[in-house]
Amino acid sequence: MARRLTGFTPSGNLHLGNYLGALRPIIEGTGDTVVFISDLHALTLDHDPADVRDRTLEFATLLLAAGLDPDACLFMVQSHVPEHTELHYLLECATGYGEAQRMIQFKEKSRRQQQVRMSLLTYPILMAADILLYDTDEVPVGDDQSQHVELARDIAIRFNGRYGDTFTVPRAVNPPVAARVMDLSSPTEKMSKSTSSAAGALRLLDEPDAVRRKVMRAVTDTGTTVTYDPAGSPGVANLLDILAGCTGARPDDLAAGFDRYGELKKAVADAVVDTLTPIQDRYRKLAAQPDHVRDVLRAGAARARAAAGATVDRAKAAIGLLPA
Ligand code: ATP
Ligand code: MG
């Protein structure tokens, strides 16, 4: 069975796009999956230590509240498995400086910053380590991350070619159709933890009132009829996609049921509230037992280390390190 891997970086707030596009397919899927909180990746940009620590626990709690079964997958915090950084270094020794510098995300993010951290340049190599450690076959990613998965693929192929067969060569796969939830106030851009404004993102922990307010103010278009046309009418299409994601219906079928934008927005707000309420109820219960969540994470890290340790041993031997 193909193994898939998904990471959630604990910066900003988890949103409906993370849930519909990444988390729910894992929860509803039957596959062999690795899910982790990529806390080391949160250190590549200016960060607040307490915030990263708190969000790591919050994200883990939310993932469990959303229905992630920690016994059915590998579920852990990245920094609890030191093999990630250990393999990172070995992979740096198989990556060209120019190769890392060419990453579009590095160019864009470094342009916006005065002080660029070295880790922002090398983070795609850490991501390659995340992927290769667990013999991952498939990484579901949007366009913004596909270049990084390509890099992981290139590194794996090069390493295997130079030092002998060591890594499974991964590939990027598209998330399910309509899994790209767009920003409510700027519907040609994806809903994002780091770049969406508070009005543009529906946070998993938003109260029902906030959800309704944001959906009712979502940017639509100047037209008045409700049709599913992602290119010509992205705001309305996004609302239909969200409604489809929450109800299981098809967005073009849904469009026929509404005469006015106001009706559509009301239905979307209700559907999102219905989707989020049970998750929030479970979140509140789990958040009251942080020791339980931390036990789950510790057990996950122990299982992950067993798998990751074997890969690191293979890579060390192949690259020429003398066993201790
Ligand atoms: P950031 O802005 O910090 O990159 P993000 O919102 O893109 O945050 P990530 O932590 O990068 O979130 O991604 C977590 C998972 O959620 C990934 O699998 C990613 O593909 C998915 N994802 C992120 N945004 C969306 C979206 N708008 N629609 C669908 N899936 C998304
Ligand atoms: Mg992202």
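## Two domains and their contact: worked exercises

In this predicted model, Asp-144 and Arg-180 join their side chains in a salt bridge, with 3.9 Å from N to O. Let's work outwards from that pair.

**Exercise 1.** Work out how many salt bridges cross the interface of domain 1 and domain 2, and which elements of domain 1 touch domain 2.

*Solution.* Start with the cut-off: a side-chain nitrogen of Lys or Arg has to sit within 4 Å of a carboxyl oxygen of Asp or Glu. The Asp-144 to Arg-180 distance is 3.9 Å, so the pair makes it. Across the whole interface, the rule turns up one salt bridge. Next, look at polar contacts: five residue pairs qualify there, both partners having pLDDT 80 or more. Now for the elements: α1 (16-28) and α2 (49-65) are the ones giving two or more residues to the domain 1 side. The largest share of that side is from α1, with six residues.

**Exercise 2.** Lay out the two domains and say how much area they bury between them.

*Solution.* First, the bounds: domain 1 takes in 3-174 + 290-319, while domain 2 covers 180-285. Their contact draws on 20 residues from domain 1 and 20 residues from domain 2. Then the spacing: the C-alpha centres of the two domains are 29 Å apart. Finally, the area: together they bury about 1,800 Å², with 70% of it on carbon and sulfur atoms.

**Exercise 3.** Count the disulfides, then decide whether Cys-93 and Cys-246 are buried or partly exposed.

*Solution.* The disulfide count is zero. Cys-93 has a relative accessible area of 38%, so call it partly exposed. Cys-246 comes in at 18%, under the 20% limit, and is therefore buried.

Technical notes:
Residues are numbered from 1 along each chain as its sequence is written. Chains are lettered from A and ligands numbered from 1 in the order in which they are written. Side-chain values use heavy atoms; hydrogens and water are left out. A disulfide is a pair of cysteine sulfur atoms within 2.5 Å. Buried means under 20% relative accessible area, exposed over 50%, partly exposed in between (1.4 Å probe, protein chains only). Domain bounds come from an automatic or database domain assignment. Contact means heavy atoms within 4.5 Å. Buried area is the accessible area (1.4 Å probe) that two parts lose on being put together, summed over both. A polar contact is a pair of N or O atoms within 3.5 Å; within protein, one must be able to donate a hydrogen and the other to accept it, and residues adjacent in sequence count only if both atoms are side-chain atoms. Helices (H or I, at least four residues) and strands (E, at least two) are DSSP runs, numbered from the N terminus.
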